[in-house]
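Hi everyone, thanks for making time. I'd like to talk you through a ligand site and then a cavity, so let's bring the structure up on the screen.

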Amino acid sequence: MGRSILSHFFVLSNTYPRSISSFRPCGVHLSKCLSRTGAVQQQRRVRPGENFRCLCSVAVSEPSTSATSSSSVKKRIVSGVQPTGSIHLGNYLGAIKNWIDLQNTYETLFFIVDLHAITLPYETQQLSKATKDTAALYLACGVDSSKASVFVQSHVRAHVELMWLLSSATPIGWLNRMIQFKEKSRKAGDDNVGVALLTYPVLMASDILLYQSDLVPVGEDQKQHLELTRELAERVNYLYGGRKWKKLGGRGGAIFKVPEPLIPPTGARVMSLTDGLSKMSKSAPSDQSRINLLDPKDVISNKIKRCKTDSFPGLEFDNPERPECNNLLSIYQLVTSKTKQEVVEECQDMNWGTFKTLLTDALVDHLHPIQTRYAEIMSDTAYLDNILAEGASKATAIADATLSNVYQAMGFLRR
Ligand code: ATP
Ligand code: MG
């Protein structure tokens with residue numbers, strides 16, 4: 001995402017909604033603004049790359065009262081993991097572990113994004129099991145269903161419906177720019193990838209905007225998708241919200257809340273065990289590249305023994321020439337809940353052999369209670385099914401209200 005677009009977000013987020021009747025300059029790059037001013041200036045042949053901003057007026061308006069955050073209403077957070085394989089340390093340290101604190105402070109919805117899991121070739125025989133495993137792992141890691149709604153994305157039909165509506169407002173150029181699309185399609189062989197890999201960010205936008213989310217915890221790898229979600233929300237609000245919506249009998253104002261990213265300070269990016277410059281990923285072909293939360297002790301020990309290291313003396317954080325060293329120390333810090341300084345003092349003079357034993361023990365100790373709890377949950381599937389049904393029903397109530405607004409604002413015949 002280019003610099004101009006990023007700064008657009010920041011301008012917007014600083015000035016965001018007060019009342020339906022106030023206006024501010026649009027500020028969108030002319031090649032993207034759909035307003036008359038933008039269109040007129042584009043006819044004067046503004047060249048791509050020129051940093052021209054549109055100055056048309058944009059109504060600044062409030063989202064629905066049900067989604068409005070006030071001091072008495074908890075802010076809402078949504079997040080999810082794809083059931084594309086085994087949940088690994090990156091998913092855990094970069095996402096799920098942070099949810100445990102968030103659920104105490106915010107209204108939280110954590111879902112298993114199974115619809116995203118079919119964007120690359122997948123095993124039909126595995127999908128449902130992986131979905132259940134992922135849900136059980138959420139709970140085993142400490143997600144508390146009495147605080148958070150836990151559900152399966154495909155159980156709430158509004159996700160797919162809203163995605164179609166949003167697709168009509170998404171310029172294809174925005175999707176073509178997505179780094180993850182470029183990387184994953186290159187790996188899969190460009191000609192064979194499904195359209196869904198390209199349109200995946202629109203589904204992600206739907207996942208977030210349906211719930212009028214205030215904040216979305218995102219790892220570095222998802223930042224660009226969240227930026228697109230924010231732009232799309234602004235665009236739909238501009239195209240269909242405000243007075244146009246009111247004329248159609250709607251509430252008026254903004255249709256969607258524009259969500260903010262919540263990036264955890266540490267653990268935002270856990271790297272592969274075989275390459276300190278690539279992120280740990282479920283879809284990486286080699287299982288040696290990641291520690292899965294359900295890996296038994298001997299597998300963890302073996303993966304750490306064989307993981308990539310370097311031949312520098314001692315151990316240190318933040319040396320760009322030692323990405324693997326930084327990654328392994330960071331993992332150790334996160335699973336032991338020690339400070340960086342404590343880890344430096346403990347490990348700076350260690351050799352790899354000593355540190356690897358220490359790291360293996362720390363990982364096994366940290367993951368053992370999660371694995372035990374996971375086994376208990378999986379032995380009582382009715383318990384898990386109930387949690388997922390209840391979560392889906394709560395989520396559906398919120399999602400359907402947003403969807404109904406969007407249909408109305410886009411001019412559809414009401415049922
Ligand atoms: P896939 O390879 O199938 O895309 P993934 O490992 O990237 O799988 P996702 O399901 O795409 O996992 O992501 C789930 C959550 O985990 C997201 O919030 C994402 O930011 C986070 N996440 C994924 N990988 C890492 C990582 N290596 N470090 C930190 N967070 C990560
Ligand atoms: Mg991913």
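Let's start with ligand 1, which has 22 residues around it, the closest being His 88, Lys 279, Ser 281, Lys 282 and Ser 283. Please keep in mind that this is a predicted model.

What does the protein offer the ligand in the way of polar contacts? Two of them involve the backbone: a nitrogen atom of ligand 1 sits 2.7 Å from a polar backbone atom of Val 270, and a nitrogen atom of the ligand is 2.8 Å from a polar backbone atom of Met 280. From a side chain, Lys 282 places an N or O atom 2.7 Å from an oxygen atom of ligand 1. As for burial, the ligand on its own would expose 590 Å², and the protein buries 97% of that.

Now, who builds the shell? Strand E3, residues 76-81, and helix H3, residues 89-105, each bring at least two residues to it. H3 gives the largest share, with four residues. Sorted by class, the shell holds 12 polar residues, five charged and five nonpolar.

On to the empty space. Searching the whole structure turns up two cavities of 30 Å³ or more. I'll show you the second largest, with a volume of about 50 Å³. Its lining consists of Met 178, Gln 180, Phe 181, Lys 184, Leu 197, Tyr 200, Pro 201 and His 225. Helix H7 (179-188) and helix H8 (195-209) are the elements that give two or more residues to this lining. By class, the lining of this second largest cavity comes to five nonpolar residues, two polar and one charged.

That's my tour, thanks for listening!

Definitions and conventions: Residues are numbered from 1 along each chain as its sequence is written. Chains are lettered from A and ligands numbered from 1 in the order in which they are written. This is a predicted model: local features need pLDDT of at least 70, side-chain atom pairs count only at pLDDT 80 or more; totals for chains, interfaces and linings use all residues. Side-chain values use heavy atoms; hydrogens and water are left out. A residue is near a molecule or strand if one of its heavy atoms lies within 4 Å of it. A polar contact is a pair of N or O atoms within 3.5 Å; within protein, one must be able to donate a hydrogen and the other to accept it, and residues adjacent in sequence count only if both atoms are side-chain atoms. Accessible areas come from the Shrake-Rupley method with a 1.4 Å probe; for residues, only the protein chains shown count as cover. Ala, Val, Leu, Ile, Met, Phe, Trp, Tyr, Cys and Pro count as nonpolar, Asp, Glu, Lys and Arg as charged, and the others, Gly among them, as polar. On a 1 Å grid over the protein atoms alone, a cavity is a set of points where a 1.4 Å probe fits but cannot get out, and a pocket is an open set with protein on both sides within 12 Å along at least five of seven lines; lining residues have an atom within 4 Å of a point. Grid points are joined across faces, edges and corners, and a volume is the space filled by probe spheres set on the points.
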